[in-house]
Amino acid sequence: MSIGVCPGSYDPITFGHVDVVRRARSVFDEVIIGVARNQSKRYLFSDTERLELAREAVTGIGGVRVEFVPGLLADFVRQVGASAIVKGLRGSADYDDEQSMALLNRHLSGVETVFILGDPGLAHISSSHVKDIARYGGNIEDLVPSAVARALAGKEY
Ligand code: PNS
């Protein structure tokens with residue numbers, strides 16, 4: 001069985017992420033959303049919140065599960081027997097960030113990273129912009145699942 005791991009911060013998960021997960025699922029028998037920690041980011045949502053919101057966002061999509069990545073992604077992908085790490089690209093800027101991570105993860109785990117182009121109609125969505133819009137009371141209903149919109153509305157920041 002082929003397993004693709006879609007890792008990320010998911011702070012919080014957006015419709016852009018869900019689109020990439022669906023596309024990954026059309027390639028792999030099973031997709032694991034790996035909710036991980038990026039040491040260079042300060043998160044709005046806790047590990048548990050990021051995990052729960054991701055779970056809610058993919059409820060009903062068969063063959064997709066959500067897990068927490070407690071340490072190195074390279075260790076996680078080996079542990080779950082992943083066939084590949086899957087990253088969504090919105091454009092060339094994303095690729096520049098991803099290249100070194102893909103090479104490092106291959107060096108550490110032997111697992112390849114494959115890139116999937118997301119829907120261009122969702123390319124403008126990023127978690128950081130969504131948080132910014134929500135903070136100033138903007139409308140985010142077309143950008144994130146409703147549970148995420150509710151969670152953002154309940155945050156003090
Ligand atoms: O959504 P992000 O913040 O771009 O995702 C980056 C993430 C969380 C996938 C990356 O920071 C990661 O893999 N973190 C787990 C720890 C790890 O393996 N770090 C080394 C990466 S080469």
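Start by selecting Tyr95: with a relative accessibility of 34%, this residue counts as partly exposed, because buried would need under 20% and exposed over 50%. Keep in mind as you go that this is a predicted model.

Now add Phe115 to the selection. Tyr95 and Phe115 form an aromatic pair. How are the two rings arranged, and how far apart are their centres? The arrangement is edge-to-face, with 5.7 Å centre to centre and 65 degrees between the planes. Phe115 also counts as partly exposed, at 30% relative accessibility. Colour by secondary structure and you will see Tyr95 in helix α4 and Phe115 in strand β5, so the pair ties together parts that are 20 residues apart in sequence. The count of aromatic pairs in this model comes to one.

Next, select residues 92-109 to show the whole of α4. This helix has 18 residues. From its first C-alpha to its last, α4 reaches 25 Å, close to the 26 Å expected at 1.5 Å a residue. Look along the helix for a kink: the bend is about 35 degrees and is centred on Glu98.

Stay on α4 and ask which of its residues are buried. Show Asp94, Glu98, Ala102, Asn105 and Ser109 as sticks; these are the ones. Glu98 therefore appears twice on this stop, as the centre of the kink and as a buried residue, under 20% relative accessible area. A point to recall while you look at their spacing: an α-helix has 3.6 residues a turn, so residues three or four places apart point the same way. To see what covers the buried residues of α4, switch on α3 (73-79), β4 (84-89) and β5 (113-117), which are among the covering elements.

Step off the end of the helix to Gly110. This residue follows α4, and its phi is positive, near 80 degrees.

Then move to His124, in the loop between β5 and α5 (127-135). Is His124 buried or exposed? It counts as exposed, at 53% relative accessibility. Leaving aside residues up to four places away in sequence, His124 touches His129 and Leu143. A polar atom of the His124 side chain lies 3.4 Å from the backbone oxygen of Gly121. Select Gly16 as well: Gly16 and His124 are 108 residues apart in sequence, yet 8.5 Å apart in space, C-alpha to C-alpha.

For the last stop, select Tyr43 and Arg50. Arg50 lies over the face of Tyr43, at 4.0 Å from the ring centre.

Technical notes
Residues numbered from 1 in each chain as written. Predicted model: local features only at pLDDT ≥ 70, side-chain atom pairs only at ≥ 80, totals over all residues. Heavy atoms only, no water. Helix = DSSP H or I, 4+ residues; strand = E, 2+ residues; numbered from the N terminus. Expected span 1.5 Å × (residues − 1). Bend = angle between axes of the 7 residues up to and from the residue. Buried < 20%, exposed > 50% of the residue type's maximum accessible area, 1.4 Å probe, protein only. Contact = heavy atoms within 4.5 Å. Phe/Tyr/Trp six-rings, centres within 6.5 Å; stacked < 30°, edge-to-face > 60°. Lys NZ or Arg CZ within 6 Å of the ring centre and 35° of its normal. Polar contact = N/O pair within 3.5 Å; in protein donor to acceptor, adjacent residues only side chain to side chain.
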